[in-house]
Amino acid sequence: MTSANLTPLWQPDPERIARAQITAFQSWAAEHHGAPADGGYPALHRWSVDELATFWKAVTEWFDVRFSTPYARVLGDHAMPGAEWFPGATLNYAEHALRAADARADEPALLHVDETHEPHPVTWSELRRQVGSLASELRALGVRPGDRVSAYLPNIPQAVVALLATAAVGAVWTSCAPDFGARSVLDRFQQVEPVVLFTVDGYRYGGKEHDRRDTVAELRRELPTLRAVVHVPVLGTEAPEGALEWSALTCADVAPTFEQVPFDHPLWVLYSSGTTGLPKAIVQSQGGILVEHLKQLGLHCDLGPQDRFFWYTSTGWMMWNFLVSGLLTGTTVVLYDGSPGHPDTGAQWRVAERTGATLFGTSAAYVMACRKAGVHPGRDYDLSRVQCVGTTGSPLPPDGFRWLHDEVREDLWIASVSGGTDVCSCFAGAVPTLPVHIGELQAPGLGTDLQSWGPSGTPLIDEVGELVVTNPMPSMPVHFWNDPDGTRYHDSYFDTYPGVWRHGDWITVTSRGSVVIHGRSDSTLNRQGVRMGSADIYEAVERLPEIKESLVIGIEQPDGGYWMPLFVQLAPGVALDEALLNRVKQTIREQLSPRHVPDEVIEVPGVPHTLTGKRIEVPVKRLFQGTPLEKAVNPGSIDNLDLLRFYENLAGKRA
C-alpha cells in the first residue's frame, strides 16, 4: 500500500450513501437485530461475521424470503465442511425469481441482445407463463425433484426459462455453452447423468453461424440416461428425429407450481475449470444461493426494480447463474449472446448504452483490450445510466481503474470483484458506500470472514497471504457430485488449514480494510522467499504495446534453483529483439521487483486458456516439469489444444 494510494479514485457522495440499500439495511438491522447503527460498513461487516446467524436471519427478513415451512434455527452446524443452514425450512428459488411478475407484469424481466445490438424484451408475465408451461411439461415427462436437467444453450431467454422451470420442479440444473466441444460437455454432463437435455442447432458469434448439430448428436449418443431432448432452433433448423420442439413445450398458459424443497436441496451443478482430471462437479443449494445472491445483488450491487443488470458472460461460467439471480431483486436482466468484440472492440459499451444498463459487468481483460485499442466509451456512447462498472475473471490492473475513471466518467463506481465458481458469489468486491482505491477491491462481503493467512495460520495485514474464509457461507457447496465420502471436497479447500476454507488465491488485506488479489497461490512466483502473483507480472508487462498477452511460471529446480520463464505473444509485426527484451526486463525490475525479472523471455504463438478464459499456468508448469500433456491437463478444458502441444514440444526440447 503506497502513500499515493491513500487518496481514493472515487468516493460516493452523501446522497448516494443515503439512498443505498445497504444503508437502509444497516439502520433496520440496528433497530431489529442489534447491528451497530454507527461506524458505517466496517462496523456492519464486523457484526455480520461475529453474529453470523443473526445476520443471515436479518437478510431473510429484509428480503422477505418465503419459507413455506419454518426453520428450526439459522445455523444447525457451524462446521466446515458440513455447515447446516436453516434446517427444517422449505422454499423454492424460482418462486422468488418470478415474484416481480405480480406487480410489474408488463415491464421487461429480460432484455435479449444479439450481435445486431437491438434489445428484445421478455416481460415478467411472459417469463412467468413460459416457466409455468415448461415446468408442467417437465413434470409430464417424469422429471422429479433431484433429477438432473442439462442444457447446451447460449445466453438466450430460453436458457433462463429452462433454468427456472427446472428449479420450479425441484430438479437440478446444469449447463454448458455451445462453444464447448463434445468431449468437454460430456466430461461434465456424464458425471451427473441428466434425464433431459436442452440443445440448440447452433449459435451466432463474430458475425458467423456455427452449426452444432453433429455435436448434439454425439451428446445424445453418449448420455444414455436422457429421457427427452428439447430442440431450440436458434439457426432455424427442424428438430432432429426424436427431439421435442421448444415452442410446443412453452405455449400453454399455465401458472407455475413451485415445488417446496429443503433449504439445502440442490439447485444446480457448476464445474471447476477441470484443468487437471475431470472437472469438479460443484453442487449448490436452492436456499444457499437464494440468500447469498439476495445479499450480494441487493446489498452489495445495490440492485432493485429500477435497475438493468448486464454482465458479459456465457452459460458455461458461474457469472451467468449470478446474472440470472438479478431477477431475485426485481431487476431487468440483460442477456447478450454474441462476441464481446463484434463488430468492433466497443461492442459491450454499445450494448450497455442500448439497454440502459445501470450495472455493467465485464472482464478485466476486456477493459484492458479497450484501453489498448483506444476505445473512448464516455465520448462515443451514452453511458449516463451506468452507475457501476464491475469486473471479474482476473484482477483489474491499476491502469484499468485509471482508464475507466478517465474514459467512462469521473463519477463512476468501479467494482472489481473476486470470488469463485466454488461459491457462485464474491468473497470481496462491491460496496456502494465505500471509496474505491486504485488496484483494490473495496472490502470483503457481508457475512464473509475473509482473511489473509501466513503458512502457520496467522492472519496478516498489509502482507501477502493465502485467501481464507473462516466461517461458513450459505452458498458453499453442499457436496461434489460422485464424492460420497466428501474426500474430494475436503481436499479441495480444507486440507491446508483444518476447518477453514483455503481458496487458492494470494491476497493482501490492507489496514484500511480493502483487498488486493495477486493471483493463484498455486502458481505464485516465489523467488528467494519473495512471493509475487502472476497477475502483477501481467499487469506490468502487458502495458507494453508490443506485448499482446503473456504467461509466467516458476519452477523449482533439483539443484535448489528456480527457473522463471516469461512467455510472450507479440503484437502483429513486432519482433522480440534485444531492445524489446531489455524493456520487458526493465519494466519488471523497476515496477515490481528485481528478483522477479524472468530468466528467459520466450516468444510463443499464443497463450492457452481454459474454456472460461483463464490462463492455464499450472498445467504449463507441469509440462516443463516433465509431465505428459494428457496427465498435465484435461484436454477438453482447453480453448486451443494445438497451442498447448507447442508448449509440450518446447518443454521436450529443453529437457
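Which residues does leucine 404 touch, not counting residues up to four places away in sequence? Trp349, Val367, Val389, Leu396, Arg409, Leu412 and Ile414. I'll come back to that residue. One caution before the tour: this is a predicted model.

Overall picture, then. The protein has 22 helices and 35 strands. Its radius of gyration is 24 Å, close to the 26 Å that the globule rule gives for 655 residues, so the protein is as compact as a globular protein of that length. The C-alpha trace spans about 70 × 60 × 55 Å along its principal axes. Of the 655 residues, 60% count as buried. Take contacts between residues at least 6 apart in sequence: 70% of them join residues at least 24 apart. The accessible surface is about 24,200 Å², and carbon and sulfur atoms account for 48% of that.

Now the inside. The largest nonpolar core holds 137 residues. The members that touch the most others are Tyr93, Leu127, Leu164, Phe198, Leu327, Trp349 and Leu404. So there is leucine 404 again, and its partner Trp349 is also on that list. Helix α7, residues 157-169, gives the most to this core, with 10 residues. There is a second, separate core as well. That one has 40 residues, including Ile547, Ile602, Val604 and Leu643.

Next, histidine 405. This residue lies in helix α16, residues 398-407. Is histidine 405 buried or exposed? Its relative accessibility is 14%, under the 20% cut-off, so histidine 405 counts as buried. Leave aside neighbours within four places in sequence, and histidine 405 is in contact with Leu9, Glu410 and Ile414. Ile414 is also among the contacts of leucine 404.

On to helix α9, residues 213-222. Thr215, Val216 and Leu219 are buried here. Seen down the axis, the buried residues of α9 fall within an arc of 100°, so they line one face of the helix. The face turned away from that buried side carries Asp214 and Arg221, both exposed. What covers the buried residues? The cover includes β6 (148-152), α8 (182-192) and β8 (196-200).

Then a loop residue. Leucine 235 sits between β11 (228-232) and β12 (244-245). Leucine 235 is buried, at 19% relative accessible area. Beyond four places in sequence, leucine 235 touches Asp201, Gly202, Tyr203, Arg204, Glu209, His210 and Asp211. For scale, the C-alpha atoms of leucine 235 and isoleucine 507 are separated by 45 Å, with their positions 272 residues apart along the chain.

Last stop, a sheet. This one is open, with three strands in the order β21-β22-β23 and antiparallel pairing. β21 (418-420) and β23 (443-444) stand at the edges with a single partner strand each, so one side of each has no neighbour in the sheet. Three bridges join β21 to β22, residues 425-429. Glycine 419 stands opposite cysteine 426 in β22.

Serine 418 is in β21 too. Is serine 418 buried or exposed? Buried, with a relative accessible area of 11%. Its contacts, leaving aside neighbours within four places, are Cys426, Phe427, Ala428, Leu441, Asp505 and Ile517. The C-alpha atoms of serine 418 and leucine 110 are 25 Å apart, and the two residues are 308 apart along the chain.

That's the tour.

Notes: Residues are numbered from 1 along each chain as its sequence is written. This is a predicted model: local features need pLDDT of at least 70, side-chain atom pairs count only at pLDDT 80 or more; totals for chains, interfaces and linings use all residues. Side-chain values use heavy atoms; hydrogens and water are left out. Two strands pair if DSSP finds at least two bridges between them. Helices (H or I, at least four residues) and strands (E, at least two) are DSSP runs, numbered from the N terminus. Buried means under 20% relative accessible area, exposed over 50%, partly exposed in between (1.4 Å probe, protein chains only). Contact means heavy atoms within 4.5 Å. The arc is that of the directions from the helix axis to the C-beta atoms. A nonpolar core is a set of buried Ala, Val, Leu, Ile, Met, Phe, Trp, Tyr and Cys residues joined through side-chain atoms within 4.5 Å. The radius of gyration is taken over C-alpha atoms; the globule rule is 2.2 Å times the number of residues to the power 0.38. Accessible areas come from the Shrake-Rupley method with a 1.4 Å probe; for residues, only the protein chains shown count as cover.
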